[in-house]
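Here is a set of short exercises to work through with the model open in your viewer. Try each task before you read its solution.

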Amino acid sequence: MPVAGRNEPLSQPLAIRRAATDLRRRDLLASMVAMCAMPMGLRSARAQPSALPVIGYLGSESPERYASRLGAFAEGLAETGYVEGRDLSMLFRWADGHYRQLPALAKELAAAGVTVLVAPGGAEVALAAKAATSTIPIVFELGGDPVALGLVNSLARPGGNMTGVTSLSVEVSRKRLEFMRELFPQAKLFAVAANPTSPTVKSQLTNLDAAAATLGVELRVLNANHSDAFEELFTATRDMGAGGLVFTSDPYFAYRSRRLAELAAQHGVATITQSRDFPLAGGLMSYGGDFLQSHRHTGIYAGRILKGEKPADLPVQRVTKVELFINLKAAQALGLSVPPALLSSADMVIE
Amino acid sequence: MVTRGPTAPRASLFTKYFLALFAAAVGPLLVAGGSEAWFGYRDQRDRLSDLLDSEARLAAFKIQYFLQGISDQLEWMVQLPWSAGADERRRLDGLRLLRQVQPVMSLRLVDGAGRERLSVSRIGLNRVESGDDYSDDPAVIGATAHGAWFGPVIFQGGSEPFMTVAVAGNRSATGVAIAEVNLKFIWEIISAIHVGRTGEAFVLDAPGRLVAHPDISLVLRADDASARPLQLLRSAIVARPGQAAAGRDTGGTAVMAAMAPIPMVEWSVIVKQPVAEAFGPIHAALWRTGILLVAGTFFAALLAYWLSQRMIGPIHQLEDGVARIGAGQFDHRIRLATGDELERLAGRFNRMAGELAVSQERSERIGRLRRFLAPQVAELIERSGDERVLDGRRVEVVAVFCDLRGFTAFSAQAQPETIISVLGAYYDAVERVIAMYEATLTSFSGDGIMALVNAPVACPDPAQRAVSMARAMQGCVQGLLVDWRAAGHELGFGVGLAMGPATVGRIGSEGRLDYTAVGHVVNLASRLCASAKDREILLDRTVARAVGGTVDLIELEARPLKGFTRHVPVFAIDTQRHEVLGDRASAVIGDRELQAGAAADSGGGTIR
């Protein structure tokens, strides 16, 4: 599969960052003007926000794509008593899908002297944060095994400056294949979509191969690390006559569930992904961890670290909830009848 | 201000009163406050014990219900015996169970022979009819033996608490359902338990590992060492069953805790509350009581001080007043309005001061009266309290004048000391006689002395008394003259008496008071005295007539007297006949016998 180049304009994230910088400058200017206009007595009271702790938030995508996750994160923070603007300020850096920029953005946040660095949304983000600092506490959120990724010493005792939340999304890739096979008991070939740049891709593919062997099916791996290559995933699946397309767990895919759902419908390919956003946007099925829960826990951990707890003492939390979403409309469109075993297992059936 | 004695005991009495009153007020206060605090503390402890105990039992019940619920769900899976082939229905049931019972991560069904027939999982692949042998699995053995089996807590990945629950059907043919249960779901139960503001519950398994805690990270740490304080807490509770025990939690905070067991899994649910919070209200109450006690003590001190002052103040006033009165300030009055015995005492002191003042005034008056009255007369007048007798009036009096002959010549020659000593002895002698006859001494003037009889106090037969007195005077003074003449002083003594009406009364100012008589009779007596020779007692006609029967008189030749136009008839007492008496009188002057004689002369008369 061809690896997509940088077709998206490079200047875009820079432009956003500049805009953000401008905004901050404007805020600063406004507050300075306000301070000059204020009587002396009030100045010290108003000067306090500058002493608020700062959370550096490293996002692999754009704020729009992170909207629901940010909401869950804020909810978690609020559970520990922190509200942005009142008790803390947030400093955001967005890679806007350009994962290679993550290390540089992480370094920027570390250099800005943030109190806590939050690196949610996958192993790439966590690894970039880890590379940026070994002293600033980091809270990650990812699917996969943080011990295997070299982020922490153990789940119970992370040891270093990192802790966080993992979901079972990566472990359950094989279940996606199982569900797909449940839907197509006769099919012998399934396509697997993988992001070759993902740190967890290897373990997932090994996992899937073993499952395929158990289930007695053949797998064909299709690589895509850019949205431009998405369409080819579906066309290739259709062309090879596979029963369906199984997506490995990868945030890049997850954040583009809408696009994937459109393409799946467009090409009439039965597809299962990790994110519930996919069936909600018209895709067939999803099986993966509850990202709202994992992002909420990330917020709780960020709050606890702000309160003075050490990441080394905070065990890595595993969000054990795995949810199966099925969109019956999509199934109908594909001309599929969903077997009762699947329906009875589904946490949510969209009709 | 009158100075008090050097050993003023006021301070000590004040201290005694103060301490007694203070103790009386503060003692009950302390006893009441202390006992209230103690009983309040005990009640609070009992209440807390009950509260923690009931919360622990409720939590234990909920967790037991949770585990029982899973075991009940599993029982549905082992109600029908296994058939030979794959059982699609059972697979669906298994998937539905996973869907229904969230804590179950995987379910394995084993048939009567111990072969795995079905395995469904949320993470791993499902398997049908794998045929793996599980007959030696402790879950299968346990469930077959007891119907339901709860395995030990296992920390997956060294972090996540899991437990195996196995349930066997009522026949061996139905096999065993084995579920892997994620114990993190107990968190929802345990975190819902709140005692007070920060009180919380946690669960320990039999070996003392933390199974559930509101802070899930403590459980995920799966660290025996960090759970050590909680284990100690459990031992403390077990050591004293039915009572909340004190201990420390993982953060080192002092807590009170109670425990309830979950027998089916041998877990313990422990509910704890920080001591500071649990006893917060009673501590606040203790503080309040303490502050009230301090305020009460302060108030009691003030009250005791005030009361002591009030008791000591009057005593002080009394002491001061008594000191003033003692110093002669009889007009001082002790003003006390305490309405008690002290006021009565002050009244007595005031009365005493009044009486003292009266007494002093009286003695002063007597002193004044005694200047011209005989002491006993003065006493009588004073005792009667009526001085009107001294007021001016016209009465029949006998005026008696006496003086020394040759005194002018003597005083010109003699030394002043001699003159004064002669006069002193002379006055002394004459005054004694006057006092003895209760006559009134009206004036001294050089060697001349004037006395009145029958004024201001009337007496019977004043002429007789006056004559007796004159003779006694002569007797006494002649005795003195013998010595003076021996010393070479040529002095003599003469007396003149006249009787008649005269104006008598007090004259003079407050500081100097005299009693005197004015009238013809006074002049006459004075002239008679002047013309009397040594040893001579001259009388006018009125006296002579009054005493004529009792005294031998010699009528002398009428003689001209200064201030009298005609010759005045003059009588002298026959001194020859009375020489002996005069001598005797001079010899025993001041003697009791003479007094008796004088009394006989006066006829025992009384004033008025």
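Two strands pair if DSSP finds at least two bridges between them. Helices (H or I, at least four residues) and strands (E, at least two) are DSSP runs, numbered from the N terminus. This is a predicted model, in which local features need pLDDT of at least 70 and side-chain atom pairs count only at pLDDT 80 or more, while totals for chains, interfaces and linings use all residues. Residues are numbered from 1 along each chain as its sequence is written, chains are lettered from A and ligands numbered from 1 in the order in which they are written, and side-chain values use heavy atoms, with hydrogens and water left out.

**Exercise 1. Find the order of the 6 strands in the open sheet of chain B, and work out which helix packs on it.**

Step 1. Reading across the sheet gives β3-β2-β1-β6-β5-β4 of chain B, with antiparallel pairing.

Step 2. Look at the edges: β3 (127-128) and β4 (148-156) of chain B each have a single partner strand, so one side of each has no neighbour in the sheet.

Step 3. Now take one pair. Strands β1 (residues 104-110) and β2 (residues 116-121) of chain B run antiparallel and are joined by 5 bridges. Within this pair, B:L109 lies opposite B:L118 of β2(B).

Step 4. The helix is α2 (residues 88-100) of chain B, which touches β1, β2 and β3 of chain B; contact means heavy atoms within 4.5 Å. Its direction makes about 155 degrees with that of β1(B). Axes are lines fitted to C-alpha atoms, for helices over the stretch in contact, and angles run from 0 to 180 degrees between N-to-C directions.

**Exercise 2. Describe the interface of chain B and chain A: how much area is buried, and which residues of chain B supply the most?**

Step 1. Start with the residues: 28 come from chain B and 29 from chain A.

Step 2. The two chains bury about 2300 Å² between them, with 51% of it on carbon and sulfur atoms. Buried area is the accessible area (1.4 Å probe) that two parts lose on being put together, summed over both.

Step 3. B:I123, B:L125 and B:R221 supply 28% of the area that chain B buries against chain A, more than any other three residues.

Step 4. Turn to charges. The interface has 3 salt bridges, each a side-chain nitrogen of Lys or Arg within 4 Å of a carboxyl oxygen of Asp or Glu. A:R157 and B:D223 form a salt bridge, with their closest N and O atoms 2.3 Å apart.

Step 5. On the side of chain B that touches chain A, the elements giving two or more residues are α2 and α5 (216-220) of chain B. Helix α2(B) gives the most, with 6 residues.

**Exercise 3. Locate the turn residues with positive phi in two hairpins of chain B.**

Step 1. Strands β9 (residues 245-248) and β10 (residues 254-262) of chain B pair antiparallel over 4 bridges, and B:A246 has B:M256 as its bridge partner in β10(B).

Step 2. This hairpin has 5 residues between its strands, and B:G252 in the turn has a positive phi of about 85 degrees.

Step 3. For the second hairpin, 5 bridges join the antiparallel strands β13 (residues 440-445) and β14 (residues 448-453) of chain B. B:S443 has B:M450 as its bridge partner in β14(B).

Step 4. Here 2 residues lie between the strands, and B:G446 takes a positive phi near 60 degrees.

**Exercise 4. Inspect the loop between β14 and α13 (462-486) of chain B for backbone features.**

Step 1. B:N454 is in this loop; its phi is near 80 degrees, a positive value in a residue other than glycine.

Step 2. B:P456 is in the loop as well, and a cis peptide bond with omega of about -5 degrees joins B:A455 to B:P456.

**Exercise 5. Why are A:E262 and A:R259 separated by about one helical turn?**

Step 1. Their side chains meet in a salt bridge (3.7 Å, N to O).

Step 2. Both belong to helix α10 (residues 257-267) of chain A, and they are about one helical turn apart because 3 residues separate them in that helix.
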